[in-house]
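Here is a walk through one protein chain, from a covered helix to its sheets and core. Keep the structure open and follow along.

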Amino acid sequence: MVRLYYFTAALMFCVLLGSQAFGSFVFSSSERGSTEIRWTRRVIRVAVSNSLSDTAPNIKKGSNVTEAVKRSLATWENELGVRFQVVSSDAANVSPTGNSGDGISLITAAPTAENLQIFGENAQHLPAMTRIFFDRRGRITEADIVLNPIFQFSTDGTFGTYDLESVLVHEIGHLLGLDHPPISAGVMSSQVARNGLYGVEQLSGRQLSFADVAQLRSIYGSTSRYEECCGEIRGKVTREERTANDDIIWLEDAETGRIAGSALVGDRGQFSVKGLSSGLYSIYLRTTGDDGSVTDEFIETIELATGESFSMDVAPQNTFASNTLEFLGAMGQMSNVPVQAEPGGSLLLQLAGRVEKRPFSIGSSSPYIMIENDPKADQSLSERLGVVSVEIRIDEETPAGHYSIFIRSSDGSRSYMPGAIVVSESRETSLLRNPQKN
Ligand SMILES: [Zn+2]
């Protein structure tokens with residue numbers, strides 16, 4: 001479970017509205033292990049508890065709950081060859097742990113003891129959780145979603161509340177069998193921000209990212225008749241010492257710089273990223289040393305053909321980065337939740353980390369993300385952590401997605417914040433696509 005750390009850089013007055021980690025899978029009867037879990041039914045029946053309404057104590061009065069449920073299910077349905085059938089229900093409680101549940105997949109917000117119990121000792125940290133039941137062959141038979149009764153939700157961006165639609169999109173991803181990716185670049189990220197973090201509404205979790213769609217396709221395949229699905233990049237990392245299982249491979253679309261996927265490196269060095277469309281991919285490796293020091297390396301750019309399984313060997317150079325980035329933010333609030341931007345916009349991005357060795361520069365692997373000035377050193381957060389700020393401009397043509405930022409030291413070493421900036425679809429595009437909605 002990833003925990004967030006917050007720092008207030010105190011550059012200006014701000015109320016720190018913490019973001020929290022999402023709930024991970026809760027397994028009822030068996031560990032997931034290496035079993036891939038998925039639905040095999042073409043129609044998934046979802047019961048929406050009558051407790052999930054704007055009369056629930058934890059949902060803001062006047063929220064459009066029905067629309068949020070409908071839209072969050074449709075977001076996944078659009079990328080999936082499966083349909084949701086929604087019914088309303090008087091049921092209020094998540095199915096208890098056991099070999100199987102009651103067979104009804106329930107979304108509930110009821111403040112009952114049974115529902116609170118699912119959060120266990122994480123009740124103060126997790127806005128929602130999903131409990132999944134599946135059989136020995138990995139077929140999901142039921143998945144129940146519980147909104148934590150102690151947090152506030154809304155649909156209009158009210159500061160200090162969680163965006164109901166974003167939280168539902170994340171949990172429905174779990175309902176479908178998706179897991180948290182090791183790199184935060186989409187709705188399945190293990191972190192969610194409350195509205196108000198960085199001084200803005202946090203609604204980017206409503207839209208699936210490039211990496212979310214790849215993860216979904218890695219389980220269910222493509223729904224497009226025009227695309228053969230799906231390619232895979234796999235391989236083995238050869239490392240002398242291997243002490244922990246926290247090395248990460250991440251991929252960026254080489255033409256745009258968008259994060260395309262990520263994978264944990266297994267204990268024998270193996271990795272695999274599936275669900276990929278054909279294209280050019282830049283491959284990066286993050287290794288973690290015994291002392292917790294992190295090294296990022298660009299490995300190579302490869303061309304993946306349609307339906308290909310590309311295999312590679314990765315031998316890390318272990319070039320230790322002189323300066324490293326650990327947190328990012330805006331408006332004086334630092335966390336590790338991506339900062340939102342729009343095509344054609346600009347923002348003052350703050351980065352915190354071990355930034356001692358000068359000179360250094362800030363860069364992006366995307367041709368759409370421009371660094372407008374030399375990084376300015378702000379005050380230090382602590383003895384160890386310094387803050388730098390840079391102005392960033394987002395090209396008008398930037399496709400929606402998550403983009404990385406890095407710090408480059410004078411010795412050439414780099415440290416990345418993969419997926420630091422999330423660019424949403426431009427307002428005009430989303431209006432065109434949803435002409436009936438304002
Ligand atoms: Zn989660």
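Start with helix α4, residues 210-220, which is mostly covered: 10 of its 11 residues are buried. Buried means that 20 or more other C-beta atoms lie within 10 Å of a residue's own; exposed means 12 or fewer, partly exposed is in between, and C-beta atoms are placed from the backbone. Helices (H or I, at least four residues) and strands (E, at least two) are DSSP runs, numbered from the N terminus. The model is a predicted one: local features need pLDDT of at least 70, side-chain atom pairs count only at pLDDT 80 or more, and totals for chains, interfaces and linings use all residues. Residues are numbered from 1 along each chain as its sequence is written.

The buried residues of α4 are Phe210, Ala211, Asp212, Val213, Ala214, Gln215, Leu216, Arg217, Ser218 and Tyr220. What covers them? The cover includes β13, β14 (259-264), β15 (270-276) and β27. After α4 comes Gly221, with a positive phi near 80°.

Now step back to the whole chain. It has five helices and 28 strands. Of its 438 residues, 46% count as buried. Contacts are pairs of residues whose C-beta atoms, placed from the backbone, lie within 7 Å. Among contacts in the chain with a separation of 6 or more, 70% join residues 24 or more positions apart.

Next, helix α3 (164-175). Here 12 of the 12 residues are buried, so α3 is largely enclosed by the rest of the structure. The buried set includes charged-type names as well as nonpolar ones: Glu165, His170 and Glu171 are listed beside Leu164, Val167 and Ile172. The 12 residues should span 16 Å at 1.5 Å a residue, and the end C-alpha atoms are 16 Å apart, which agrees. The expected span is 1.5 Å times one less than the number of residues. Gly177 follows α3 and has a positive phi, near 105°.

Helix α1 packs against α3. The buried residues of α1 meet α3, and also β4 (43-49), β5 (83-89) and β6 (105-108). Those residues are Val65, Ala68, Val69, Ser72, Leu73, Thr75 and Trp76. Seen down the axis of α1, they fall within an arc of 150°, so they line one face of the helix. The arc is that of the directions from the helix axis to the C-beta atoms. A general rule fits here. An α-helix has 3.6 residues a turn, so residues three or four places apart point the same way.

Turn to the sheets. Four strands form an open sheet in the order β21-β28-β27-β23, with mixed pairing. β21 (339-341) and β23 (360-364) stand at the edges with a single partner strand each, so one side of each has no neighbour in the sheet. Strands pair if DSSP finds at least two bridges between them. β27 (residues 401-409) and β28 (residues 414-423) are antiparallel, over seven bridges. In this pair, His402 stands opposite Val422, and Gly401 has Val423 as its bridge partner. The two strands form a hairpin with four residues between them, and Gly412 in the turn has a positive phi of about 95°. On β27's other pairing, with β23, there are five bridges, again antiparallel. There Ile362 is the bridge partner of Ile407. Seven of the nine residues of β27 are buried.

A second open sheet has three strands, in the order β15-β12-β18, with mixed pairing. Its edge strands are β15 and β18 (309-314), each pairing on one side only. β12 and β18 run parallel, joined by six bridges. One of the bridges pairs Val237 with Val314. Beyond β12 (231-237), in the loop before β13 (248-253), sits Glu240. Is Glu240 buried or exposed? Glu240 is exposed, with 6 other C-beta atoms within 10 Å. Glu240 and Pro316 are 76 residues apart in sequence, yet 9.6 Å apart in space, C-alpha to C-alpha.Finish at the core. The largest nonpolar core has 106 residues, and those with the most contacts inside it include Leu164, Ile249 and Ile421. A nonpolar core is a set of buried Ala, Val, Leu, Ile, Met, Phe, Trp, Tyr and Cys residues joined through C-beta atoms within 7 Å. Leaving aside neighbours within four places in sequence, Ile421 is in contact with Pro338, Val339, Ala341, Ile369, Tyr403 and Ile405.

Technical notes: Two residues are in contact if their C-beta atoms, placed from the backbone, lie within 7 Å.
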